[in-house]
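Trainee: Please take one strand and describe it closely, with its partners. I should then like to see how the neighbouring contacts and enclosed spaces relate to that account.

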Amino acid sequence: MTTPDDLEITADAEVRIRQDLALVALGRRPADRALRVGRLFDVHTRTWRDDQEIVVKGRRIAWVGPAGVYPGAVAERFHEPELLAIPGLGEVHKHIESSHLTPEWEAALVVPRGNTWTCEASHEFSNVDGANNLAFWMEARRRGSPMKIFPLPGSAVPPTAYEHGGGWYGHDEQKAFLSQSLMVAGLDEVMDWPAVWNPENPSYDRLWGMIRATFEQRGVVEGHAAGLRDIDSISAFAAAGLASDHEAWALEEFWEKLSRGLFMELRIHSLPEVIRGLLEKGLSDWSQVAFATDDRSASDTLRLGATDYNVRLAIEAGLAPEIAIQAVTINPARHMRLTPWVGSIAPGRYADIVLLSDLNSFSIAKVWADGCQVSEGTAYVAQVPEIDWPDWATDTIHIGRDLVAADLVIPAEPGRGTMNAALLRPFHWADDFITRELPVRDGQVQRDPDANVTKFAIVDRFSGAAGVSRMFWLGCGPRTPDTALACSVAHDKHNVWVVGSSDEAMALAVNALARNKGGWALVREGKVVATVRYEVGGLMSCRSAEDLHAEMEELYAEGSKIDWLYEPSFHPRWGPGFPERLAFATLTCAPWRWVLVAPSPKAPQGFVNVQTGATHPVVW
């Protein structure tokens, strides 16, 4: 009989479950179900076995072997002679928040696409509500969702010492997380590299306290080595105990990091090129490689796929399907020390099984999770738990009052006809900011759309003090008059960002977003023309992927009517048109230098170099 403690992994529950599984495997207690398949992939030996049976008790596998020889009684039997069984697919590094769906609806989207377990890199929601982070990620599972979420508390809470609000994690907080649940796998990607190597950095003690707590509990310290390509830096990164990297874009960078002991998590942006290069180099041991989704919206998942898409890309690039499967099953499970529960079709593990109709095209016919069929094709056939998320999850936009145009003004010095201005552009990773001379009118420094210059602001959504940092940015906002775009997804602190061609439109967009409890708000020519609701944490919405996608399509349609400024930048995925990627342009980790954050004691105007701590006026 399935009991509630099958859902969440605890030491007491594990003992009871495994005592029962041992007797079921011996045939001394009856099993609930048996699934017989045409072929089964054994990830441990990278071999296929014909005509196999998987015997299930509760949500776990009790026995695996040739069909017809299990010694015990079985209540229900299922036979899929034409299908191939592989383990449920796992995500070694993913921000579920980037799907913009709450966990129960994320499961409904990705489980039919093979993804039955995820290591949640939880520095998004934890930056919004650090105190309730673990409760948030465990709730859907406790309500019966078949997707297993293994949370890794965020190291970037806050992302830097120059940001505040929402959450703060150090040694004691991390130790408590790891002590509370066996499902907490370790420490989320350590992103603030200057705070790791530099003892003078104001986040040095906090970050090393979290690393220490993770070591004490034998957890995994995940890394983020963006921009670290020289041998000295890679060696220092590995020597610091940071176990992985998912930020390598080029083959040689990937190879150098792999050869220095890092577990490499390969994202789709460069996956085909890197796979082909590794094959050319003759890599034979792929056990230190996994595929990572990292960030993918619900709309993109509907269009491309989830973990299954990553596997198909690898196969198309020439990787053997069996190795590609290991890269999303046993490899990430070993790295995250989760092999007792996930990563293989083996006794004791959750009965999560992906049934393929074709291997080379990686076509998924059905998915089993927790010992039951939960999908047919891409249709989710299980019940989605109804969760009425509490106020701590839905009441998170605390600006304090409606903004007015005056909150966005950048005043000029008296008597000046022009002012020098510090400019950034999206994904500006240079050591120095850009300097331009801008006109002054009515005592205010003005935008210069003819020179691709607009205004960008960060609004503090935590303190209730209506704090606003504003400056001029290059090539990213609307040229259309009285137009603005605001969003409450602003990696990784997730304040509200807004960009606009007038201060009035910017204030209007922020106020519309706040009334919606977060998400997107688009103002065109002085009127709110589209909003998208992210009412949970200002990051996610409690609804189906299809419903959210429909609302996003309305936003894109209205956005297509606007003339957007554009300036090339360092990031290869920054392009012209609707500036959705601005949600990532507010990052403050490596390789960023100069950034704009909400006002803080260490950066009163919000303009700060996160590598050095230097500040600078936005105009002078």
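Mentor: Two strands pair if DSSP finds at least two bridges between them; strands (E, at least two residues) and helices (H or I, at least four) are DSSP runs numbered from the N terminus. The model is predicted, with pLDDT of at least 70 needed for local features and 80 or more for side-chain atom pairs, while totals for chains, interfaces and linings use all residues. Numbering starts from 1 along each chain as its sequence is written, and side-chain values use heavy atoms, without hydrogens or water.

The strand I choose is β23 (residues 496–500). Five of its five residues are buried (under 20% relative accessible area with a 1.4 Å probe and protein chains only; exposed is over 50%, partly exposed in between), so β23 is largely enclosed by the rest of the structure. The burial covers both faces: V496, V498 and G500 lie on one side, W497 and V499 on the other.

Its pairing with two other strands can be described next. Strand β20 (residues 453–459) runs antiparallel to β23 and is joined to it by five bridges; within β23, G500 is the bridge partner of K455. Strand β22 (residues 484–487) is likewise antiparallel to β23, with four bridges, and here W497 is the partner of C487.

W497 leads on to the aromatic contacts. Rings of Phe, Tyr and Trp (its six-membered ring) pair when their centres lie within 6.5 Å, and a pair is stacked under 30 degrees between planes, edge-to-face over 60 and tilted otherwise. The whole structure has 26 such pairs. One of them, F136 with W389, is tilted, at 4.7 Å centre to centre and 40° between the planes. F136 belongs to helix α4 (residues 133–142) and W389 to the loop between β16 (379–380) and α15 (391–394), so this pair ties together parts 253 residues apart in sequence. F136 is buried at 0% relative accessible area, and W389 is buried at 7%. Y556 and F578 form an edge-to-face pair, at 5.7 Å and 75°. Because Y556 lies in helix α17 and F578 in the loop between α17 and β26, parts 22 residues apart in sequence are tied together. Y556 is partly exposed, at 25%. Ring pairs link these two residues with F456, W473, W497, W520 and W564 in a cluster, which brings the account back to the chosen strand through W497.

Helix α17 also takes part in a charged contact. A salt bridge here is a side-chain nitrogen of Lys or Arg within 4 Å of a carboxyl oxygen of Asp or Glu, and the structure holds 37 of them. R524 and E558 meet in one at 2.5 Å, N to O. R524 is in strand β24 (residues 519–524) and E558 in helix α17 (residues 545–559), so the contact ties together parts 34 residues apart in sequence. E558 is buried, at 17%. Elsewhere, E14 and R60 form a salt bridge at 2.4 Å, N to O; since E14 lies in helix α1 (residues 11–25) and R60 in strand β3 (residues 60–66), parts 46 residues apart are tied together. E14 and R60 are buried. A network of salt bridges links R59, R141, K148, D352 and D370.

The enclosed spaces complete the description. A cavity is a set of points on a 1 Å grid over the protein atoms alone where a 1.4 Å probe fits but cannot get out, and lining residues have an atom within 4 Å of a point; points join across faces, edges and corners, and volume is the space filled by probe spheres on them. Six cavities reach 30 Å³ or more. The second largest holds about 70 Å³, and F456 and W473 of the ring cluster are among its lining residues. Strand β26 (residues 594–596) gives the most to that lining, with three residues. The lining divides into eight nonpolar, two polar and one charged residue (Ala, Val, Leu, Ile, Met, Phe, Trp, Tyr, Cys and Pro are nonpolar; Asp, Glu, Lys and Arg charged; the others, Gly among them, polar). The largest cavity has a volume of about 80 Å³. Its lining includes I458, H494, N495, T586 and L596, and by class comprises five nonpolar, four polar and three charged residues. T586 and L596 appear in the linings of the largest and second largest cavities.

Methods: On a 1 Å grid over the protein atoms alone, a cavity is a set of points where a 1.4 Å probe fits but cannot get out, and a pocket is an open set with protein on both sides within 12 Å along at least five of seven lines; lining residues have an atom within 4 Å of a point.
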